[in-house]
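Subject: Structure handover and notes

Dear colleague,

Here is the structure I said I would pass on. Please look through it alongside the notes underneath.

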Amino acid sequence: MGLLGMILAAVLAAVFIAIVIVRYLPLKLRWIPSILLLLLAIFLGFKIYNGIMEPINFNQNKVKRYSKVVKNLKIIRDAEVKFYEANGNYTQDKALLIKFIDSAQLALTVTKTIVETVNRGGGITDEIEIRVTDTIGYEPVLKYFKGKDYPNMFSVPGLEGVQYDLEIGTVEKVQGLLVPTFMAKTPKKPLLKGMNASLVKQELEVMASDQIKGENISVGSLDEVTTAGNWPPSYDKKSDKTE
């Protein structure tokens, strides 16, 4: 029975008790239904309070749990982006990605424009500008992950022994050009275990722009070229505070 149903039932019960008092009970016994009405009012007040607070508490607890999940997904995303910079593709090998952070080096480059003289033939020359990229050094990937728990980035917070799903693919951005993609995700439902079943069902179907849409929390996509997560900007602020 929903909150509205409980309120209607309580009102009907109160009306019934009032009729009984007026029609059938002598004055000396009217204290009994008065106590019953007081208890009914207390019960109704308790139910109304719970009905108001339960969605609020659900949302607060949900956000706390999701923020920890988003924090790890952001680390995975950053690791995949750096791996792509170094190798030109993404990886679904979790151990390899952690090892990459620990030991890989990224090239430091500088791009400059130089002018070259081109012989067009017949004694005709032309000057053209060419952009040249030179490697000037290297830096460890690890510097971008200082203070981040990247060795455990694939573990889903709050779910012992559960890891994020990690997949890679390609998207044909223009005809004949395949672009690498990746996606890391975890379902919402196990994260909401022990919470109100009705509110959990609503959460798995939510499509509002200020909420995490759908049944999963994810970053990246296998269907489009993006490294964005499916969470709203408010979760970036919350997860950043926990770092």
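What follows is a short list of findings, grouped by region.

Please keep in mind that this is a predicted model.

Helix α2

Helix α2 covers residues 31-87. Two of its residues are worth noting here, I42 and K64. The relative accessible area of I42 is 53%, so this residue counts as exposed, the cut-off being over 50%. I42 also belongs to a nonpolar surface patch, together with I35, L36, L38 and L39. The accessible area of the five residues together is about 480 Å².

K64 is exposed as well, because its relative accessibility of 58% is over the 50% cut-off. In sequence, K64 is 171 residues away from Y235, but in space their C-alpha atoms are 9.6 Å apart.

The β1-β2 hairpin

Strand β1 runs over residues 105-121 and strand β2 over residues 124-140. The two pair in the antiparallel sense, with 16 bridges between them. One of the bridges joins N119 to T125, the latter in β2. Two residues lie between the strands of this hairpin, and G122 has a positive phi near 70 degrees.

The β3-β4-β5 sheet

What is the strand order in the open sheet? Its three strands follow the order β3-β4-β5, and their pairing is antiparallel. The edges are taken by β3 (165-174) and β5 (216-221). Each of these has a single partner strand, so one side of each has no neighbour in the sheet. On average, neighbouring strands of this sheet are turned by 25 degrees against each other, with direction ignored.

Strand β4 comprises residues 177-187, and six bridges connect it to β5 in the antiparallel sense. Among the bridge partners are F182 with S221 of β5, and K185 with S218 of β5.

Is β5 largely enclosed or left open by the rest of the structure? It is largely enclosed, because five of its six residues are buried, buried being under 20% relative accessible area. For β5, then, two points go together: one side is without a neighbour in the sheet, and the strand is nonetheless largely enclosed by the rest of the structure.

When you go through the strands, one general point may help: side chains in a regular strand alternate between the two faces of the sheet.

Regards

Notes:
Residues are numbered from 1 along each chain as its sequence is written. This is a predicted model: local features need pLDDT of at least 70, side-chain atom pairs count only at pLDDT 80 or more; totals for chains, interfaces and linings use all residues. Side-chain values use heavy atoms; hydrogens and water are left out. Two strands pair if DSSP finds at least two bridges between them. Helices (H or I, at least four residues) and strands (E, at least two) are DSSP runs, numbered from the N terminus. Axes are lines fitted to C-alpha atoms, for helices over the stretch in contact, and angles run from 0 to 180 degrees between N-to-C directions. Buried means under 20% relative accessible area, exposed over 50%, partly exposed in between (1.4 Å probe, protein chains only). Patches are made of residues with over 30% relative accessible area and no salt bridge: like charges are joined within 9 Å, nonpolar side chains (Val, Leu, Ile, Met, Phe, Trp, Tyr) within 5 Å. Accessible areas come from the Shrake-Rupley method with a 1.4 Å probe; for residues, only the protein chains shown count as cover. A salt bridge is a side-chain nitrogen of Lys or Arg within 4 Å of a carboxyl oxygen of Asp or Glu.
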